[in-house]
Structure formats: structure tokens, C-alpha cells
Amino acid sequence: MTKQHNSVPAVSKAQVLQRARDHLFPNRIDVLSYLGVDLVIGQREGYRFKDLDGREFMDFHINGGTYSLGHRNPQLLSALRESLEFADVGNHHFPNPARAELAEKLAQATGLQYCVFTPSGAEANDVAIKSARRYTGRRKIVALEQGYHGRSGLSGAAGDDSVAAWFGSDYPDEFIKVPFNDPDAMERALAGEDVAAVLMETIPATSGFPMPDSEYLPAVRSLCDRFGTLYIADEVQAGMGRTGKLWAVECWGVQPDILITGKCLSGGLYPVSAAVLSKEVGAWLAEDGWGYVSTFGGAEPGCAVGCRALEICSDPATLANVESVAARMGEGLEDIRSRHPFLLEIRQKGVVMGLKFDARDGGMQMTAALFQHGVWAMFAGFDRSVLQWKPGMLVDNQYCDEALQRFEDALSSLTRSKGKANGR
Ligand SMILES: Cc1ncc(COP(=O)(O)O)c(C=O)c1O
């Protein structure tokens, strides 16, 4: 493919959109264009990117935390480049130095024992489910009604299962759904002592980051202990420092039996995700070394990036910055909310944030309004009244203030146009 001098592919945005409509996902292109969004991302650096036409955006979507440490973070890029000086993906039958190091680091960081590396978070959840079934000899999995764990077979059935059902891949007898923040419903679901595991996002992202009540997660942990059920914490979005702790479960003092991580672990540069298992739950790894095999899971360059990403996310200076960004954003948004009642509720733990608006599709309306103001932030797929507001972990005060200004400008123009539409 021909390149421009700045290495961005020399192709027009219209051409890319047409190819995507013809050969990728026509419906997605239709939905995005309904919102006025015709984004094709070109240059990207830190927490900003440009579309192919050169329009710059602040990135408040960061692919669910994939770019928590910024696009093309220089330290992560050099870890990748150093690895590629001598490595390729490696041979998946063998350990490699980066894979072994990252496994040890993740075990130490979680208090668990074994790591199974997968290319995607969805497959890591699949591994978790299979491990729980193998360990307990039970088949049932209890998950949240509006959870999201990826779109592979088992992870898809464990999440909100409308899409799984659409593909004929739901298993309602085996994947039991309960409402969030309802310990009684959880108790009823586990009481039969036939559930292998509870699989939960610590803060459910796709339903708009509703916060767990202070007692909820510890209650689920103790119900699991009582009924012989394992606790799987899906930390693909909420983990890796975004709450101000390395793992979100730490905020509620919960130790899972299995922890799932992904997205940020890859630095947004080379796919890598992991299921981290306790010694007991991962005992199958000592019995059958080929029980899970993946050509690209644990590829050497991804693990090299993962080691560096985990170091940066665990660094007290990074976690301190998360706290300071969280405070500045939280205060700024509260201030805006006092002037704009359309912004109903601010949900926040560190830089994990969901903003609920006073309309069923209010989050979606804000996605469109922010797009016009040079900010890319996405509504929550399972609750379109909520906007996911995901600042990067390393942003500075100036970046926060600029984003808050753009946010208020977008909100003002949205409420003005709604006022006009209502004849006010
Ligand atoms: C909480 C959670 N779990 C799992 C996944 C699936 O990860 P992947 O897209 O890498 O399969 C996602 C992706 O958005 C997620 O948000």
C-alpha cells in the first residue's frame, strides 16, 4: 500500500468507509453514520487521534482501557520494538522468556498461581469457565443480566445473551442470569450447590458502570464460599489501575479464584489477555499441558509489552495520577452537573466513569454532540442513557480541563438544540 510522508495509509476516508460497508460491517457503518460519526482513525499519539481527514479528537473511549496508558506509549513501543529485534510470535508449545516473566508477574500481582494467555478477553473468559467446570465438576455459571464478557462461545453465553440467542449460541439452562447488586437473587441462584462459578465484571462496563454497593461483592464472595462456587472477576475493563488500585476487586477487599485481564495489558500494541488461576483451580495445567492451546495466546511480543504495561500500571506514581485525574474530573463534572440538570448522575471509581443523562438515549445523544466538539466517547451499549467517560490514566490537568470545557460546550449545544426542538 502506498504511504504518505507521515506513514498514514494514502487512502481516502470515503474509500475506507465504502470498503467497510461492502466487506466488513454494513450495519455498524449505518448506525454510526446515523449518529453523524464517520470516523476512520489515522495518526494517533497519547490521548489524541486524528481521523484520516486530519480532524483531531480527544480519546475518552480508549477502547475500554486498551489505551489507558495512551496510544503508542513510548515505553510500550520500545518494549515491542526490542522484542521484535529478535523474536516473532514464538512457538506456542514452548515457554518463552517474556511469557514466563509475565506469568510470574501476574501471579505475584494477583496472589494467584497460574496464567493462561489468550489473544482476547473473550477467550480468557472461556478458559476461566472451562477451568471452573473442570475443578468443581459442575456445569452452571451464574452471571449478571447485563454483563459483557466478549463474543466467543462461552463468554457470549455468559454475557447479556440476546446476541448469543440470535446466533443460536445461548445456553439458558447452564448460564443463569441474576440482577446486579442483589445478594438475595445471588443466594437463590447458588443455593442448589450446582453452580461452578459466578462470573462478574467488577464494575459492569457495558451497562454503564453502575457501582457495586459497598457490601455486594464481599457478599457474593462469601456466598461463593458457602456454596462451593468459584468467583471469577472479569477485570478486562476495570482492572490494571483504572480504579486507583491495580485490580478493581481490591477496592472491595475481594480475592477472586480467577482473574481475567486483557485490553490494557496489550498496551494497545500487541494482543494479549490472560486468565489468572488459583493453584487449585489451575491444577489441570499440571495434569494436561495441552488442555488449552492457542497459536497466538502468549505470543512473545505481546508478553514483552504486557510486562512493561503491568509495571507502569502498578507504579505508585501512576496510581497517584489516577487519583488526581479522578478528583479533577469528578469535581469538574459535578460543577457542570449543577448547571445542567440533563446530566443526572455521575458514577465513578477512579477513572472508571459512567455519566447518566435524563433521556433513554441521552448517552447516545452525548456521543454525537461530543463528536461535533472533537471528543470521542461512547454510550454504554446496554444502557444508552449512559455515556462511558474514560479518561486515560496518565493525562495531565491541562488535558482534563480542556476535556471538561469541550464536554460542557457539547452539553450546552445539545440542550439548546433539544430546547429548540421542544419549541422553547
Ligand atoms: C469486561 C469485558 N470482558 C471481556 C471483554 C472481551 O474482550 P475482547 O474484546 O478482547 O474479547 C470485554 C471487551 O470489551 C470487556 O469489556
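Me: In which helix does Glu323 lie?
Reply: Happy to start there, with the reminder that this is a predicted model. The helix in question covers residues 316-339, and Glu323 falls within that run, so by the DSSP assignment its place is helix H12.

Me: Is Glu323 buried, partly exposed or exposed?
Reply: The relative accessible area of Glu323 is 43%. Buried would need under 20% and exposed over 50%. Because 43% sits in between, Glu323 counts as partly exposed.

Me: Which residues does Glu323 contact, leaving aside neighbours within four places in sequence?
Reply: For a sense of distance, Glu323 and Asp184 are 139 residues apart in sequence and 33 Å apart in space, C-alpha to C-alpha. Contact asks for heavy atoms within 4.5 Å. With the sequence neighbours set aside, the partners of Glu323 are Thr243 and Gly244.

Me: Which residues surround the ligand?
Reply: A residue joins this group if one of its heavy atoms lies within 4 Å of the ligand. By class, the shell has three nonpolar, six polar and three charged residues. Its members are Ser120, Gly121, Ala122, Asn125, Tyr148, His149, Gly150, Glu201, Asp234, Val236, Gln237 and Lys263.

Me: Which helix gives the most to the shell around the ligand?
Reply: The helix that gives the most spans residues 121-136 and supplies three residues. That helix is H5.

Me: How far is a nitrogen atom of the ligand from an N or O atom in the side chain of Asp234?
Reply: Let's go through the polar atoms in turn. A backbone N or O atom of Gly121 lies 2.9 Å from an oxygen atom of the ligand. On the side chain of Gln237, an N or O atom is 3.2 Å from a ligand oxygen atom. For the side chain of Asp234 and the ligand nitrogen atom, the distance is 2.7 Å.

Me: What percentage of the ligand's exposed area does the protein bury?
Reply: The reference is the ligand taken alone, which exposes 390 Å². Of that area, the protein buries 82%.

Me: What is the order of the strands in the open sheet of four strands?
Reply: The pairing in this sheet is mixed. Strand S1 (41-45) and strand S13 (375-376) each have a single partner strand, so one side of each is left without a neighbour in the sheet. Strand S2 (residues 48-51) and strand S3 (residues 56-59) run antiparallel and are joined by three bridges. The full order is S1-S2-S3-S13.

Me: Which residue in S3 stands opposite Phe49?
Reply: Phe49 falls within S2, whose residues are 48-51. Across from Phe49, in S3, stands Phe57.

Me: Which backbone oxygen lies 2.8 Å from a polar atom of the Arg44 side chain?
Reply: Arg44 lies in strand S1 and, at 34% relative accessibility, counts as partly exposed. Beyond four places in sequence, Arg44 touches Phe49, His71 and Arg72. The side chain of Arg44 also reaches the backbone oxygen of Ile41 at 3.5 Å. The backbone oxygen at 2.8 Å belongs to Gly42.

Me: What is the bridge partner of Phe117 in S10?
Reply: Strand S4 (residues 114-118) is mostly covered, with four of its five residues buried. Five bridges join S4 to strand S10 (residues 273-277), and the two run antiparallel. In S10, Phe117 has as its partner Ala274.

Me: Is Arg347 buried or exposed?
Reply: Arg347 has its place in strand S11 (residues 343-349), and a polar contact of 3.0 Å joins its side chain to that of Glu345. Among its contacts beyond four places in sequence are Phe209, Pro210, Met211 and Val386. Its relative accessibility is 11%, and the cut-off is under 20%, so Arg347 counts as buried.

Me: What is the relative accessibility of Thr229?
Reply: Thr229 lies in the loop between helix H9 (216-227) and strand S8 (230-234). Its contacts beyond four places in sequence include Arg138, Leu190, Val198 and Asp257. Thr229 counts as buried, because its relative accessibility is 3%.

Me: Which residues are in contact with Arg226, leaving aside neighbours within four places in sequence?
Reply: Arg226 lies in helix H9 and is exposed, with a relative accessible area of 51%. Arg226 and Arg339 are 48 Å apart in space, C-alpha to C-alpha. The contacts of Arg226 are Glu187 and Glu193.

Key: Residues are numbered from 1 along each chain as its sequence is written. This is a predicted model: local features need pLDDT of at least 70, side-chain atom pairs count only at pLDDT 80 or more; totals for chains, interfaces and linings use all residues. Side-chain values use heavy atoms; hydrogens and water are left out. Buried means under 20% relative accessible area, exposed over 50%, partly exposed in between (1.4 Å probe, protein chains only). Two strands pair if DSSP finds at least two bridges between them. A polar contact is a pair of N or O atoms within 3.5 Å; within protein, one must be able to donate a hydrogen and the other to accept it, and residues adjacent in sequence count only if both atoms are side-chain atoms. Accessible areas come from the Shrake-Rupley method with a 1.4 Å probe; for residues, only the protein chains shown count as cover. Ala, Val, Leu, Ile, Met, Phe, Trp, Tyr, Cys and Pro count as nonpolar, Asp, Glu, Lys and Arg as charged, and the others, Gly among them, as polar.
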